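User: I would like to read this model through a few specific questions, with the criteria spelled out as they arise. Please begin with the terms used for solvent exposure.

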Amino acid sequence: MVALRIHRGPTLRQREEITGVVFAVPALLGFILWWVGPMLASLGVAFTDWSLIRAPRWVGLANFERMQADPLFWKSLWVTAYYTVVAVPLNLVASLFLALLLNQPVRGVGFFRSAFYLPVVLPAVATSIVWLFIFNPNFGLLNAFLESLGLPGQLWIWDEELAVPSLWLMNLWFSGGGQMLIFLAALQGVPRSLLDAATVDGAGWWARLRYVTVPMISPVILFNFVTGLIGTFQIFAQGYLMTQGGPNNATLFYVLYLYRQAFQFGRMGYAAALAWVAFLILVVLSMATFRFSSGRVYYEARARE
(Lines give C-alpha, C1' and ligand atoms only; values in the text may rest on other atoms or scores of the structure.)
Protein backbone atom coordinates (compact mmCIF):
# COMPACT_ATOMS: atom_id res chain seq x y z
CA MET A 1 0.00 0.00 0.00
CA VAL A 2 1.16 3.50 -0.74
CA ALA A 3 1.10 5.80 2.26
CA LEU A 4 -0.61 9.07 1.53
CA ARG A 5 0.91 12.16 3.15
CA ILE A 6 -1.69 14.71 4.01
CA HIS A 7 -0.44 18.29 3.57
CA ARG A 8 -1.60 20.50 6.35
CA GLY A 9 -1.56 24.27 6.22
CA PRO A 10 -0.02 26.53 8.84
CA THR A 11 -1.43 26.41 12.31
CA LEU A 12 -3.40 29.25 13.85
CA ARG A 13 -0.34 30.44 15.77
CA GLN A 14 1.79 30.40 12.63
CA ARG A 15 -0.84 32.38 10.72
CA GLU A 16 -0.97 34.94 13.53
CA GLU A 17 2.82 35.25 13.49
CA ILE A 18 2.85 35.73 9.72
CA THR A 19 0.10 38.33 9.96
CA GLY A 20 1.99 40.15 12.68
CA VAL A 21 5.18 40.24 10.61
CA VAL A 22 3.31 41.51 7.55
CA PHE A 23 1.75 44.36 9.53
CA ALA A 24 5.05 45.16 11.27
CA VAL A 25 7.11 45.39 8.08
CA PRO A 26 5.91 48.88 7.01
CA ALA A 27 6.59 50.32 10.45
CA LEU A 28 9.97 48.60 10.57
CA LEU A 29 10.93 49.89 7.13
CA GLY A 30 9.83 53.39 8.14
CA PHE A 31 11.90 53.18 11.30
CA ILE A 32 14.98 52.08 9.36
CA LEU A 33 14.56 54.64 6.56
CA TRP A 34 13.56 57.68 8.62
CA TRP A 35 15.31 57.03 11.96
CA VAL A 36 18.20 54.58 11.79
CA GLY A 37 19.34 55.70 8.32
CA PRO A 38 19.52 59.43 9.10
CA MET A 39 21.18 58.72 12.46
CA LEU A 40 23.96 56.69 10.81
CA ALA A 41 24.29 59.34 8.10
CA SER A 42 24.60 62.10 10.71
CA LEU A 43 27.31 60.11 12.43
CA GLY A 44 29.33 60.19 9.23
CA VAL A 45 28.59 63.90 8.74
CA ALA A 46 29.86 64.62 12.28
CA PHE A 47 33.40 63.82 11.12
CA THR A 48 33.26 66.15 8.12
CA ASP A 49 33.28 69.83 7.30
CA TRP A 50 30.13 70.33 5.23
CA SER A 51 28.27 73.54 4.49
CA LEU A 52 25.60 72.17 2.08
CA ILE A 53 26.94 74.23 -0.83
CA ARG A 54 30.12 72.20 -1.27
CA ALA A 55 31.13 68.59 -0.93
CA PRO A 56 31.85 67.36 2.60
CA ARG A 57 35.50 67.23 3.62
CA TRP A 58 36.76 64.68 6.18
CA VAL A 59 38.13 66.38 9.30
CA GLY A 60 38.12 63.52 11.81
CA LEU A 61 37.55 64.63 15.40
CA ALA A 62 37.97 68.34 14.65
CA ASN A 63 34.29 69.11 15.23
CA PHE A 64 34.35 67.47 18.66
CA GLU A 65 37.62 69.20 19.57
CA ARG A 66 36.13 72.52 18.55
CA MET A 67 33.44 72.23 21.22
CA GLN A 68 36.01 72.46 24.00
CA ALA A 69 36.90 76.02 22.96
CA ASP A 70 33.37 77.07 21.99
CA PRO A 71 31.90 79.28 24.77
CA LEU A 72 28.40 79.15 23.28
CA PHE A 73 28.48 75.36 23.38
CA TRP A 74 29.12 75.42 27.12
CA LYS A 75 26.60 78.24 27.57
CA SER A 76 23.85 76.31 25.76
CA LEU A 77 24.69 73.16 27.71
CA TRP A 78 24.51 75.05 31.00
CA VAL A 79 21.21 76.79 30.10
CA THR A 80 19.64 73.47 29.09
CA ALA A 81 20.88 71.71 32.24
CA TYR A 82 19.62 74.59 34.41
CA TYR A 83 16.23 74.41 32.74
CA THR A 84 16.04 70.60 32.96
CA VAL A 85 17.14 70.17 36.57
CA VAL A 86 14.15 72.19 37.80
CA ALA A 87 11.54 71.56 35.10
CA VAL A 88 11.63 67.75 35.38
CA PRO A 89 10.99 67.38 39.16
CA LEU A 90 8.58 70.34 39.10
CA ASN A 91 6.51 68.68 36.40
CA LEU A 92 6.60 65.33 38.21
CA VAL A 93 5.38 66.71 41.51
CA ALA A 94 2.74 69.00 40.01
CA SER A 95 1.35 66.39 37.61
CA LEU A 96 1.21 63.73 40.34
CA PHE A 97 -0.59 66.14 42.67
CA LEU A 98 -3.03 67.02 39.91
CA ALA A 99 -3.61 63.35 39.11
CA LEU A 100 -4.37 62.65 42.77
CA LEU A 101 -6.98 65.40 42.75
CA LEU A 102 -8.54 64.21 39.50
CA ASN A 103 -8.66 60.64 40.75
CA GLN A 104 -11.40 61.53 43.21
CA PRO A 105 -14.99 60.45 42.44
CA VAL A 106 -16.53 63.90 42.14
CA ARG A 107 -19.04 65.35 39.70
CA GLY A 108 -17.59 66.84 36.52
CA VAL A 109 -14.19 65.20 36.94
CA GLY A 110 -14.17 64.21 33.25
CA PHE A 111 -14.41 67.86 32.22
CA PHE A 112 -11.46 68.84 34.41
CA ARG A 113 -9.38 65.94 33.14
CA SER A 114 -9.98 67.06 29.56
CA ALA A 115 -9.32 70.70 30.42
CA PHE A 116 -5.96 69.99 32.06
CA TYR A 117 -4.91 67.67 29.22
CA LEU A 118 -5.94 70.08 26.44
CA PRO A 119 -2.68 72.14 26.39
CA VAL A 120 -0.74 69.00 25.45
CA VAL A 121 -2.45 68.72 22.07
CA LEU A 122 -2.18 72.42 21.19
CA PRO A 123 0.46 73.40 18.57
CA ALA A 124 3.69 74.85 19.95
CA VAL A 125 3.31 77.97 17.80
CA ALA A 126 -0.17 78.76 19.13
CA THR A 127 0.94 78.09 22.70
CA SER A 128 3.96 80.38 22.29
CA ILE A 129 1.77 83.21 20.97
CA VAL A 130 -0.61 82.88 23.91
CA TRP A 131 2.22 82.92 26.43
CA LEU A 132 3.87 85.89 24.74
CA PHE A 133 0.66 87.76 25.57
CA ILE A 134 0.65 86.41 29.13
CA PHE A 135 4.29 87.43 29.68
CA ASN A 136 3.97 90.84 28.03
CA PRO A 137 5.36 93.39 30.52
CA ASN A 138 2.97 96.17 29.41
CA PHE A 139 -0.44 94.50 29.19
CA GLY A 140 0.21 90.84 30.02
CA LEU A 141 -2.02 88.81 32.30
CA LEU A 142 0.75 87.96 34.78
CA ASN A 143 1.67 91.58 35.42
CA ALA A 144 -2.02 92.51 35.65
CA PHE A 145 -2.42 89.84 38.32
CA LEU A 146 0.64 91.10 40.23
CA GLU A 147 -0.58 94.68 40.05
CA SER A 148 -3.97 93.62 41.43
CA LEU A 149 -2.08 92.33 44.47
CA GLY A 150 -0.10 95.54 44.79
CA LEU A 151 3.12 93.94 43.52
CA PRO A 152 5.41 95.38 40.84
CA GLY A 153 5.30 93.92 37.34
CA GLN A 154 8.19 91.96 35.86
CA LEU A 155 9.85 91.69 32.46
CA TRP A 156 9.55 87.88 32.53
CA ILE A 157 11.17 86.36 29.44
CA TRP A 158 12.75 89.71 28.61
CA ASP A 159 14.66 89.64 31.92
CA GLU A 160 17.92 87.68 31.87
CA GLU A 161 17.34 86.28 35.36
CA LEU A 162 13.62 85.51 34.95
CA ALA A 163 13.69 84.14 31.40
CA VAL A 164 14.31 80.48 32.27
CA PRO A 165 12.06 80.49 35.38
CA SER A 166 9.29 81.95 33.20
CA LEU A 167 9.69 79.05 30.79
CA TRP A 168 9.48 76.64 33.74
CA LEU A 169 6.00 78.00 34.38
CA MET A 170 5.06 77.73 30.72
CA ASN A 171 6.37 74.17 30.48
CA LEU A 172 4.36 73.20 33.55
CA TRP A 173 1.19 74.31 31.79
CA PHE A 174 2.25 72.97 28.38
CA SER A 175 3.43 69.44 29.22
CA GLY A 176 2.14 68.73 32.73
CA GLY A 177 -1.16 67.41 31.38
CA GLY A 178 0.51 64.52 29.56
CA GLN A 179 2.26 63.28 32.67
CA MET A 180 -0.92 63.87 34.64
CA LEU A 181 -2.84 61.54 32.35
CA ILE A 182 -0.22 58.79 32.70
CA PHE A 183 -0.20 59.19 36.49
CA LEU A 184 -3.99 59.07 36.50
CA ALA A 185 -3.99 55.76 34.65
CA ALA A 186 -1.45 54.37 37.13
CA LEU A 187 -3.45 55.56 40.14
CA GLN A 188 -6.56 53.81 38.87
CA GLY A 189 -4.54 50.60 38.77
CA VAL A 190 -3.66 50.74 42.47
CA PRO A 191 -5.73 48.05 44.25
CA ARG A 192 -8.39 49.62 46.42
CA SER A 193 -8.01 46.79 48.91
CA LEU A 194 -4.49 47.94 49.80
CA LEU A 195 -5.66 51.49 50.46
CA ASP A 196 -8.59 50.23 52.55
CA ALA A 197 -6.30 47.96 54.55
CA ALA A 198 -3.94 50.86 55.24
CA THR A 199 -6.89 52.99 56.33
CA VAL A 200 -8.08 50.28 58.73
CA ASP A 201 -4.56 50.15 60.19
CA GLY A 202 -4.81 53.87 60.97
CA ALA A 203 -2.78 55.27 58.08
CA GLY A 204 -3.62 58.83 57.08
CA TRP A 205 -3.61 60.20 53.53
CA TRP A 206 0.11 60.98 53.66
CA ALA A 207 1.02 57.52 54.93
CA ARG A 208 -1.17 55.89 52.28
CA LEU A 209 0.46 58.02 49.61
CA ARG A 210 4.00 57.34 50.82
CA TYR A 211 3.80 53.64 51.66
CA VAL A 212 1.10 52.38 49.27
CA THR A 213 0.45 54.65 46.31
CA VAL A 214 3.97 55.81 45.46
CA PRO A 215 5.56 52.31 45.63
CA MET A 216 2.76 50.91 43.46
CA ILE A 217 3.23 53.55 40.74
CA SER A 218 7.03 53.77 40.97
CA PRO A 219 7.53 52.32 37.44
CA VAL A 220 5.30 55.08 36.07
CA ILE A 221 7.23 57.70 38.04
CA LEU A 222 10.44 56.37 36.49
CA PHE A 223 8.87 56.44 33.02
CA ASN A 224 7.68 60.03 33.41
CA PHE A 225 11.05 61.08 34.81
CA VAL A 226 13.03 59.62 31.89
CA THR A 227 10.67 60.89 29.20
CA GLY A 228 10.53 64.28 30.90
CA LEU A 229 14.32 64.38 31.05
CA ILE A 230 14.58 63.64 27.34
CA GLY A 231 11.84 66.09 26.45
CA THR A 232 13.15 69.05 28.44
CA PHE A 233 16.71 68.50 27.26
CA GLN A 234 15.43 68.81 23.70
CA ILE A 235 13.52 72.07 24.29
CA PHE A 236 13.53 74.19 21.14
CA ALA A 237 10.23 75.84 20.24
CA GLN A 238 10.08 78.22 23.22
CA GLY A 239 13.61 79.51 22.71
CA TYR A 240 13.17 79.82 18.95
CA LEU A 241 9.68 81.34 18.82
CA MET A 242 9.58 83.42 21.98
CA THR A 243 13.06 84.59 22.98
CA GLN A 244 15.35 83.79 20.03
CA GLY A 245 17.88 82.68 22.63
CA GLY A 246 17.91 85.98 24.48
CA PRO A 247 18.23 88.08 26.41
CA ASN A 248 22.04 87.86 26.35
CA ASN A 249 21.86 84.12 25.48
CA ALA A 250 19.94 83.44 28.70
CA THR A 251 17.66 81.03 26.81
CA LEU A 252 20.16 79.70 24.28
CA PHE A 253 19.07 76.10 24.63
CA TYR A 254 21.23 73.32 23.25
CA VAL A 255 18.94 72.33 20.37
CA LEU A 256 18.45 75.99 19.44
CA TYR A 257 22.23 76.40 19.23
CA LEU A 258 22.42 73.21 17.15
CA TYR A 259 19.75 74.61 14.82
CA ARG A 260 21.67 77.85 14.37
CA GLN A 261 24.88 76.03 13.54
CA ALA A 262 23.13 73.86 10.96
CA PHE A 263 20.62 76.14 9.23
CA GLN A 264 21.85 79.68 9.91
CA PHE A 265 25.60 79.21 9.66
CA GLY A 266 25.58 76.14 7.39
CA ARG A 267 27.94 74.14 9.59
CA MET A 268 26.28 70.78 9.13
CA GLY A 269 29.28 68.79 10.32
CA TYR A 270 29.55 70.71 13.57
CA ALA A 271 25.76 70.53 14.08
CA ALA A 272 25.84 66.74 13.59
CA ALA A 273 28.61 66.48 16.17
CA LEU A 274 26.51 68.55 18.58
CA ALA A 275 23.55 66.24 17.99
CA TRP A 276 25.62 63.16 18.81
CA VAL A 277 26.98 64.74 21.97
CA ALA A 278 23.39 65.44 23.07
CA PHE A 279 22.46 61.85 22.24
CA LEU A 280 25.33 60.49 24.33
CA ILE A 281 24.45 62.78 27.24
CA LEU A 282 20.86 61.55 27.22
CA VAL A 283 21.97 57.92 26.97
CA VAL A 284 24.30 58.34 29.97
CA LEU A 285 21.65 60.14 32.04
CA SER A 286 18.99 57.55 31.19
CA MET A 287 21.28 54.64 32.00
CA ALA A 288 22.31 56.27 35.27
CA THR A 289 18.65 56.77 36.16
CA PHE A 290 17.79 53.14 35.43
CA ARG A 291 20.86 51.94 37.32
CA PHE A 292 20.02 54.06 40.36
CA SER A 293 16.36 53.02 40.34
CA SER A 294 17.27 49.32 39.95
CA GLY A 295 19.74 49.50 42.82
CA ARG A 296 17.23 51.29 45.02
CA VAL A 297 14.55 48.68 44.33
CA TYR A 298 17.04 45.91 45.14
CA TYR A 299 18.09 47.41 48.47
CA GLU A 300 14.48 48.15 49.45
CA ALA A 301 13.58 44.53 48.72
CA ARG A 302 16.50 43.32 50.83
CA ALA A 303 15.44 45.66 53.64
CA ARG A 304 11.89 44.25 53.60
CA GLU A 305 13.33 40.73 53.87
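Analyst: Residues are called buried under 20% relative accessible area, exposed over 50% and partly exposed in between (1.4 Å probe, protein chains only). The model is predicted, so that local features need pLDDT of at least 70 and side-chain atom pairs pLDDT 80 or more, while totals for chains, interfaces and linings use all residues. Numbering starts from 1 along each chain as its sequence is written, and side-chain values use heavy atoms, without hydrogens and water.

User: How many salt bridges does the structure hold?

Analyst: The criterion is a side-chain nitrogen of Lys or Arg within 4 Å of a carboxyl oxygen of Asp or Glu. One pair that meets in this way is R192 with D196, at 3.3 Å from N to O. In total, the number of salt bridges in the structure is four.

User: What is the relative accessibility of D196?

Analyst: Helices here are DSSP runs (H or I, at least four residues), numbered from the N terminus. R192 and D196 are separated by about one helical turn because they lie four residues apart in helix α8 (residues 192-200). With a relative accessible area of 57%, R192 is exposed, whereas D196 counts as partly exposed, its relative accessibility being 34%.

User: Which residues are joined into one network by salt bridges that share partners?

Analyst: The side chain of D49 meets that of R54 at 3.1 Å, N to O, and D49 also pairs with R57 at 3.1 Å. D49 is partly exposed at 26% relative accessible area, and R54 is likewise partly exposed, at 38%; R57 falls in the partly exposed class too, at 48%. The network that results from shared partners therefore consists of D49, R54 and R57.

User: What is the area of the nonpolar surface patch that includes F31?

Analyst: F31 is found in helix α1 (residues 12-45), and it counts as partly exposed because its relative accessibility is 45%. Patch residues have over 30% relative accessible area and no salt bridge, with like charges joined within 9 Å and nonpolar side chains (Val, Leu, Ile, Met, Phe, Trp, Tyr) within 5 Å; areas follow the Shrake-Rupley method with a 1.4 Å probe, and for residues only the protein chains shown count as cover. Together V21, V25, L28, L29, F31, I32, L33, W34 and W35 make a patch of about 1000 Å².

User: At what angle do the axes of α3 and α10 cross?

Analyst: Axes are lines fitted to C-alpha atoms, for helices over the stretch in contact, with angles from 0 to 180 degrees between N-to-C directions. Angles under 35 degrees count as roughly parallel, over 145 as roughly antiparallel, 65 to 115 as roughly perpendicular and the rest as oblique, and α3 and α10 are therefore roughly antiparallel. The axes of α3 (residues 71-102) and α10 (residues 218-233) come within 9 Å, and the crossing angle is roughly 150°.

User: What is the handedness of the crossing of α7 and α10?

Analyst: The axes of α7 and α10 are 10 Å apart at an angle of about 155°, and the two helices are therefore roughly antiparallel. A crossing is left-handed if the near helix is turned anticlockwise from the far one by less than a right angle, and right-handed if clockwise. The crossing of α7 and α10 is right-handed.

User: How far apart are the C-alpha atoms of L167 and W205?

Analyst: L167 has its place in helix α7 (residues 163-187) and is buried, with a relative accessible area of 1%. L167 and W205 lie 38 residues apart along the chain, and the separation of their C-alpha atoms is 32 Å.
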